[in-house]
Amino acid sequence: MRKILFFTTLLICVIGLNAQEIGVKGGFNISNVKNPDNIVNYTSKMGLNASIFYDHSFLVFLGIRPALGYYQKGFNFVKPSTNIDSTIYLNYLQFDLDLKINIPLIPIYLMAGTYSSYAID
């Protein structure tokens, strides 16, 4: 009986250690453009982003979160000498790979990682 209880408890712990979750995230971002010569006036534009991610935990406190998403960045520029006023939006396909560290006893986690983007237009 003790062996069955021990192996059942061990199995539940192993299943809990390999938790997996798929999700969707989205939001807004604001891009910033700097102009050292001040010939053109730039202003920021708001862009959209949306991603699908996959959480995979290796241990109770450690896992990874890869994500694939669409990010829109842009700016508005005005050239006073020619009265040119235009808005530019750049669209990116972005892959994120983050390390996720869960803090025990409180529902907070830290994430750090890298990303790679590909301009799609």
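The side chain of aspartate 96 reaches the side chain of glutamine 94 in a polar contact of 2.9 Å. Aspartate 96 sits in strand E5, and it is a good place to start a tour of this predicted model. From there we can move to the charged residues around strands E3, E4 and E5, then to the strand pairing, and finally to the chain as a whole.

**Aspartate 96 and its surroundings**

- Aspartate 96 is buried, yet it takes part in no salt bridge.
- Which side chain of opposite charge is nearest to aspartate 96? That is lysine 25, at 4.3 Å, and a salt bridge calls for a nitrogen within 4 Å of a carboxyl oxygen.
- Leaving aside residues up to four places away in sequence, aspartate 96 touches Lys25, Arg65, Pro66, Ala67, Tyr71, Thr114 and Tyr115.
- Two of these names come back below: Arg65 has a salt bridge with aspartate 55, and proline 66 has a partner position in E5.

**Salt bridges**

- As general background, side chains of opposite charge can pair when their charged atoms come close.
- How many salt bridges does a search of the whole structure find? It finds two.
- One of them joins the side chains of arginine 65 and aspartate 55, with 2.7 Å from N to O. Arginine 65 belongs to strand E4 and aspartate 55 to strand E3, so the pair links distant parts of the chain, 10 residues apart.
- Lysine 100 and aspartate 55 also meet through their side chains in a salt bridge, at 3.1 Å from N to O. Because lysine 100 lies in strand E5 and aspartate 55 in strand E3, this pair ties together parts that are 45 residues apart in sequence.
- Are these residues buried or exposed? Lysine 100 counts as buried because its relative accessibility is 13%, and aspartate 55 counts as buried because its value is 6%.
- Through shared partners, the salt bridges join Asp55, Arg65 and Lys100 into one network. Arginine 65, like aspartate 55, is buried.

**Strand pairing around E4**

- Strand E4 covers residues 62–79 and pairs with strand E2, residues 41–44, in the antiparallel sense over four bridges. Here asparagine 41 stands opposite valine 78 in E4.
- Strand E3, residues 46–57, is also an antiparallel partner of E4, with seven bridges between them. Isoleucine 52 faces leucine 68 of E4 across this pairing.
- E3 and E4 make a hairpin that has four residues between the strands.
- How many bridges join E4 to strand E5? There are 18, and E4 runs antiparallel to E5, which spans residues 84–103. Proline 66 stands opposite leucine 97 in E5.
- E4 and E5 form a hairpin too, again with four residues between them. In that turn, asparagine 83 has a positive phi of about 55°.

**The chain as a whole**

- The protein chain has one helix and six strands, and along the sequence they follow the pattern α-β-β-β-β-β-β.
- Of its 121 residues, 23% count as buried.
- Taking contacts between residues at least 6 apart in sequence, 50% join residues at least 24 apart.
- The accessible surface of the chain comes to about 9000 Å², and 67% of that belongs to carbon and sulfur atoms.

Methods: Residues numbered from 1 in each chain as written. Predicted model: local features only at pLDDT ≥ 70, side-chain atom pairs only at ≥ 80, totals over all residues. Heavy atoms only, no water. Pairing = 2+ DSSP bridges. Helix = DSSP H or I, 4+ residues; strand = E, 2+ residues; numbered from the N terminus. Buried < 20%, exposed > 50% of the residue type's maximum accessible area, 1.4 Å probe, protein only. Lys, Arg positive; Asp, Glu negative; His and termini not counted. Polar contact = N/O pair within 3.5 Å; in protein donor to acceptor, adjacent residues only side chain to side chain. Contact = heavy atoms within 4.5 Å. Areas by Shrake-Rupley, 256 points an atom, 1.4 Å probe, with all protein chains shown as cover.
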